[in-house]
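Work through the exercises below with the sequence and model open. Try each task before reading its solution.

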Amino acid sequence: MISADFVVIGAGIIGLTIAREIKLTWPDASVLIVEKEANAGLHASGRNSGVLHAGFYYTPDSLKAQLTRDGNRKMKEFCHLYDLPVLNCGKVVVTSDETQLESLKLLYQRGVANQVELHWISADELRDIEPMAKTTEFAIYSPNTASIDPVLVTDAMVRECNRLGVKLNFNEIVLGATKTSKGVRVTSNKHIISTSMLVNAAGLYADKIAHSLGVGMQYQMQPFIGLYLKSTHNPPKLSTHVYPVPDLRNPFLGVHLTKMVDGSVKIGPTATPALWREQYSFTHLFSLQESIESLAGLCKLLIQPKSALRGSVIPELAKYSKALLVLKAKKLVPEVSRSEFDHWSRPGIRAQLVNTDSWTLVSDFLIETAPNSIHILNAVSPAFTSSIPFAQKVVERLKTEMQGQGNFS
């Protein structure tokens, strides 16, 4: 039996930044992070694109809109503090034909409403900013979009947590949690842990932890695999990231070209439904139960009358063809060639939450609170960009939940 004032499940970027913010707010409180892997950030945090988003994709009333713009600035400040590389390359969003101009205008209007620096540019102006990209009539230019190395950032956040006195227990698998009269009891493969406040930042398994405490019962995780095709030896000489106009009905941004801090360029990602939660390969940690749950959930998503996924599943599977993925990229940057892109990057899995009352994808961040616990149920992209103000938002909610307990002031 061990105890801590705060227990955080998950050492991804969200769990780490929340633990850091708790320590900054309550320096004398004991904070323990429990992580099932041997190191931090081995799932989505260490496998994402590395793009620092600017915050113009999201509706103004969303948490994503509130947190991404400030997260972009604060993550850059954190990188400068730890002398980590930041590539301030900007991003252009281009159209493939006239039918996408209305959606492009909507993106621009969202950016203006979210107070994000954004420029509406002509095709001629695009050539000055990104000569390799092609658009129909107009494009959007986002000068504050950037790239970082997510592995280096996660490692630096671990060092920051260590400096502040956060304890990290690796190789410790949480088996469940139960409410007690004084807080929450967490059972792992190594300990029984008592805590006054549990923070569930378990990523792909956040719904399972929440359900063990009777929280978020109307939500279920539906994993999606993301793959990028990478060019390292002879990457195209892009000046910026180049993105298409996305289908705004889905929380995916479509196939795009991303400049990385190491000089490489990536095409992708795919957004293919995963059969189980950690399906990094066709055999890795196979789970029959999770496969049944995922297939059943996918079928229910697809049969919804207004499902935007229905027409995308087969095309997403086709993206496993390198030639097809490059062909999609050529619509944005005609000069890219198949010979420039030589291998797949490590797959990442998006912990996408589904509302099982309506069988729709949850597009915004979702934080659920309960007595003595708070649950980060949907922290998909741009969660890495938003992680520092996201943690501040969580601590604000912790303060509200803890009013009257008298444990911390």
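**Exercise 1: Place S30**

S30 sits in the loop that joins α1 (13–25) to β2 (31–34). Helices (H or I, at least four residues) and strands (E, at least two) are DSSP runs, numbered from the N terminus. The model is predicted: local features need pLDDT of at least 70, side-chain atom pairs count only at pLDDT 80 or more, and totals for chains, interfaces and linings use all residues. Residues are numbered from 1 along each chain as its sequence is written, and side-chain values use heavy atoms, with hydrogens and water left out.

Task: find which residues S30 touches, not counting residues up to four places away in sequence.

Solution. Apply the contact cut-off: heavy atoms within 4.5 Å. S30 then touches A4, D5 and F6, not counting residues up to four places away in sequence. Next, look at D5. Its backbone nitrogen lies 2.8 Å from a polar atom of the S30 side chain.

**Exercise 2: Place G203**

Task: locate G203 and list its contacts beyond four places in sequence.

Solution. Start with the loop between β12 (192–200) and α7 (206–212), where G203 lies. Then list the contacts: M221 and A351, leaving aside neighbours within four places in sequence. Finally, check V380. G203 and V380 are 177 residues apart in sequence, yet 8.9 Å apart in space, C-alpha to C-alpha.

**Exercise 3: Trace L398**

Task: which residues does L398 contact, leaving aside neighbours within four places in sequence?

Solution. Leave those neighbours out. L398 is in contact with F6, I22, W26, M197, V199 and I374.

How values were computed: A polar contact is a pair of N or O atoms within 3.5 Å; within protein, one must be able to donate a hydrogen and the other to accept it, and residues adjacent in sequence count only if both atoms are side-chain atoms.
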